[in-house]
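Please open the viewer and keep the sequence panel beside it, because each stop on this tour asks you to select something and then look at what surrounds it.

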Amino acid sequence: MPRTAVATDAAGLGRARAGGFVAPALVLVGLFLVFPALWTIYLGLTDYRLTGLAAAAPKMVGLQNFRDALADRFFLNSLWLTLIYVAGSAIIGQTVLGFALAWMMQKVRPSVRGVVETVVLLAWLLPGSVVSFLWWAMLNRRDGTLNALLDTPGYNWLIQHPMLSIIVFNTWRGTAFSMMLFSAALQAVPPSQLESARMAGANGAQQFRDVVFPHIRGHVLTNTLLISLWTFNDFSPYLLTAGGPNHKSEILPAFIYNRAIGTGELGYGAAISLIMLVINLIIALLYLTLLRTRKVKT
Amino acid sequence: MTATAARPAAVPLGPPPSMVVKKFVSRVLFYVVIALLLVFFMLPMLWIVLAPFDASPSLTIKLPDFSTGNFSELWHNPYALRSLLNALIISLGTMALVLVFGALASYALSRVRVPGRDALLYALLLLSSIVSGTAAMVPIFLLMTNVHLIDSQLGVVLVMTGGLLPAAIFILKDFMDATPRSYEESAKVFGASPLQILRHVVIPIARPGLATIAVWALVNAWGNFLVPFILLRSADKYPAAVVMYTFYTEGGQPKLGLISAFSLMYSIPVVIAYLVVSRRYGFRFHGGIKS
C-alpha cells in the first residue's frame, strides 16, 4: 500500500513512542496467543503426559503422534463427526434458517419483525453455560419439555440422537448471525430489478436465482466461512453430551479435551490441536483472500 | 383460427377466484411458518423465565406456582453470589485491559507508519481467528502451570485478554482512522503531550467505537466457559459460567430451583448490556464483520 493521508502523525507521537504504545498489547498477544500456538507444534512432537514417567521427562517422538492419529479410529471418527456437525449446523442449519428468516422478515410488519429478531438474537446472546443447560432440560429423558410435547415419555434424545441434538442446538444458538448478515445484504438488492423481474413473470425461485443471489453471493461466502470457523471451534456441545454416549458426539474440541486433560495425553492432544490449527488457517486464509478480492473490485 | 380470435373476449377482468384463494392460503402458510420458527426459538428460553418463580420447579416448562423461594436459596448459597462477583471481576478486568491496550495500540498504528504495520495487522487478524481457546488449550494449560498462574483469576484475565486483543485492535483502528486530525494538531500547538492528546481529544471522539469494544469484551469474558474451566481449581474462584455445573445434590440431581434463579441472574446483565449498546450506538453490525 502506498503512503496515504491516513498515517499522518498529528499528535507528534514519533516512532519510538508509537512503539511504546503498541508494545503492551503485542506482549500479551505474543505470550497468550502466539506462544501457545508455537508451543503446540513442539508439544505435538513429544510424548508428554499429565502424570507418570513421561510427565517428568518428555521424549521427542517425531511424527509418531500424527501416525497414531491416522491409525486411531476414535480420531477418525471424531474428524468425521466434526464434518457432519459443521455441515449440518453451520452450513445447512444456520445459513438456510438465517437466510429464510431474513427473507421472511422483509415481508412482515415492523412489530412482528422486532419480536422475531429479538428472540433469535437472545438465543445468540445468552451465556453458553445457560443455553446448554436450557437444552439439556428440554431434551431431558425424565421430564423434558420435548417429551411432554411429543408425548414420548422416557425417550432419551441425548443418548438416542446425540449428533442430531447438538446440531439442532448449535443451529438454534447461532442462526442470529446469519440472519443479521443476510438482512443487511438483502437491503442492498435494488427493488427496481426485483420489480422488473416480477413484471417479466419470474416466479419466486427465479427471482431469487437471477436477481437476489448475484447480489448476495459475496455475503453467502463470507457468512459460510465465518460460521464454519466458529462452529468448528465451539466447545459448548461438550456441555450437552460430553462427547458421549460412547464417543458418538465426540467432535474435535471434545476429543482434544477428553484425551489431553481427561486422560492426560498432552502430547497427543497437542498434535490433534495442531491439525485443528491448520484447518483453521485454511478457512481463515480463504476468508481473507475473499475480503481482499472484494476490496479490489469495489 | 376462429378459436384464437375468440379468446380475448374470454379474459376475465379481475384475477380468477382460484388465484385469490391461492394467495390467501400462501399468506396463512407464511405466518404459520413464522409462528413455528418463533416457537422453536422461544421454547427453550421459556424455562429460564418461568422456573425461577416456581415453588417446586421441574424441567418441564409450566406456569409457575408463584414463589420467590428460589431467589432466597440463591442468596444463601455460599458459591452462587460469589461466582457472580468472580465473573464480574474477571470480565471487568478483561474489559479494562482490552480497552487500554487496544486503544493505545490502535491509536499508534493509526497515526504512525511503523515499518511492517500492514503485515502486522494482517497477522493479528489471522491469528485471532485461528488460535481459538479450544485448539490452544493444552499449551495454555501448561504455560499457566509453569508460571504459577493456574488457579488464579489474573491468569484467566490475561489469557482472555490475549485472545480478544487482536480483533479489538483491528476494529478500533478503523474508528481511530475516522477521527479527524485537526483537533490533535491544535492541542499540540497548545503544548499537550501525546498521552494528554489521546486522553482528552482522541478518546472522547472515538467513544462509540470504544463502547462497542467494551461491551463486546465484557460479554465475551462473562460467558466464557472453557478458559476458567481449565485454569481454575478452587470452587470459591469459579465464575458463574463454571459454577452452574456444580449445583447438584449428592445424588447427582440438579438443584433446579437454584439453577433456574441463578441462570436468570447470570443472563440479565448480558441482555441489559446489549440493549444499552443497541439503543445508543446501533450494535447491529460490529459483530466482527466489516465489509
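## Stop one: a buried leucine

Begin by selecting B:Leu198, which counts as buried because it has 22 C-beta neighbours inside 10 Å, where 20 or more are needed. Bear in mind from the start that this is a predicted model, and that the values on this tour are computed from it. B:Leu198 belongs to helix H9 of chain B, which covers residues 194-205. Now add B:Tyr107 to the selection: it is 91 residues away from B:Leu198 along the chain, yet the two C-alpha atoms are separated by 8.1 Å. Leaving out residues up to four places away in sequence, B:Leu198 touches B:Tyr107 and B:Ile203.

## Stop two: the nonpolar core

Next, turn to the largest nonpolar core, which contains 156 residues. Which residues have the most contacts inside this core? They are A:Leu134, B:Ala108, B:Met137 and B:Ala217, and you can select these four together. Then keep B:Met137 alone and show what it is in contact with, apart from neighbours within four places in sequence: A:Ile256, A:Tyr257 and A:Ala260 from chain A, together with B:Leu226 and B:Ile230 from chain B.

## Stop three: where the chains touch

Colour the two chains separately and look at the contacts between them, where 79 residues of chain A meet 77 residues of chain B. On the chain A side, helix H1 of chain A (residues 14-43) gives the most, with 20 residues. If you colour that side of chain A by class, you should find 60 nonpolar, 14 polar and five charged residues. For the complex, the predictor gives an ipTM of 0.84 and a pTM of 0.83.

## Stop four: a bent helix

Select residues 73-105 of chain A, which form helix H4, and use the distance tool on its end C-alpha atoms. The 33 residues of this helix should span 48 Å at 1.5 Å a residue, and the 45 Å between its end C-alpha atoms agrees with that. Follow the helix along to A:Gly93, where H4(A) bends by about 30 degrees.

## Stop five: two wide separations

Now select A:Leu63, in the loop of chain A between helix H2 (53-56) and helix H3 (64-71). Is A:Leu63 buried or exposed? A:Leu63 is exposed, because 12 other C-beta atoms lie within 10 Å of its own, and a residue with 12 or fewer is counted that way. Add A:Met104, which is 41 residues from A:Leu63 along the chain, and you will find their C-alpha atoms separated by 52 Å.

In chain B, go to B:Ala119, which lies in helix H5 (residues 117-130) and counts as exposed, with 9 C-beta neighbours inside 10 Å. From there draw a line to B:Leu74: the two residues are 45 apart in sequence, and 51 Å apart in space from C-alpha to C-alpha.

## Stop six: positive phi angles

Most residues other than glycine have a negative phi, which is the background for the next two selections. A:Asp151 is not a glycine, but has a positive phi of about 60 degrees. You will find A:Asp151 in the loop between helix H7 (145-150) and helix H8 (157-160) of chain A, where it is exposed, with 7 other C-beta atoms within 10 Å.

A:Asn246, likewise not a glycine, has a positive phi of about 50 degrees. Its place is in the loop between helix H12 (237-241) and helix H13 (252-262) of chain A, and with 9 C-beta neighbours inside 10 Å, A:Asn246 counts as exposed.

## Last stop: confidence

Finally, colour both chains by pLDDT. Chain A has a mean of 85, and 94% of its residues reach 70 or more. Within chain A, confidence is lowest in H2(A), with a mean of 70, and highest in H4(A), at 93. Select residues 1-6 of chain A, where pLDDT stays under 50 and the model has two contacts beyond four places in sequence.

Chain B has a mean pLDDT of 83, with 91% of its residues at 70 or more. Its lowest confidence is in helix H1 (residues 2-10), at a mean of 47, and its highest is in helix H4 (residues 78-111), at 92. Over residues 1-7 of chain B the pLDDT is below 50, and this stretch has zero contacts beyond near neighbours in sequence. Residues 285-291 of chain B also have a pLDDT below 50, but that stretch has 12 such contacts in the model.

Note on methods:
Residues are numbered from 1 along each chain as its sequence is written. Chains are lettered from A and ligands numbered from 1 in the order in which they are written. This is a predicted model: local features need pLDDT of at least 70, side-chain atom pairs count only at pLDDT 80 or more; totals for chains, interfaces and linings use all residues. A nonpolar core is a set of buried Ala, Val, Leu, Ile, Met, Phe, Trp, Tyr and Cys residues joined through C-beta atoms within 7 Å. Two residues are in contact if their C-beta atoms, placed from the backbone, lie within 7 Å. Helices (H or I, at least four residues) and strands (E, at least two) are DSSP runs, numbered from the N terminus. The expected span of a helix is 1.5 Å times one less than its number of residues. The bend at a residue is the angle between axes fitted to the seven residues ending there and the seven starting there. Ala, Val, Leu, Ile, Met, Phe, Trp, Tyr, Cys and Pro count as nonpolar, Asp, Glu, Lys and Arg as charged, and the others, Gly among them, as polar. pLDDT is the predictor's confidence in each residue, from 0 to 100.
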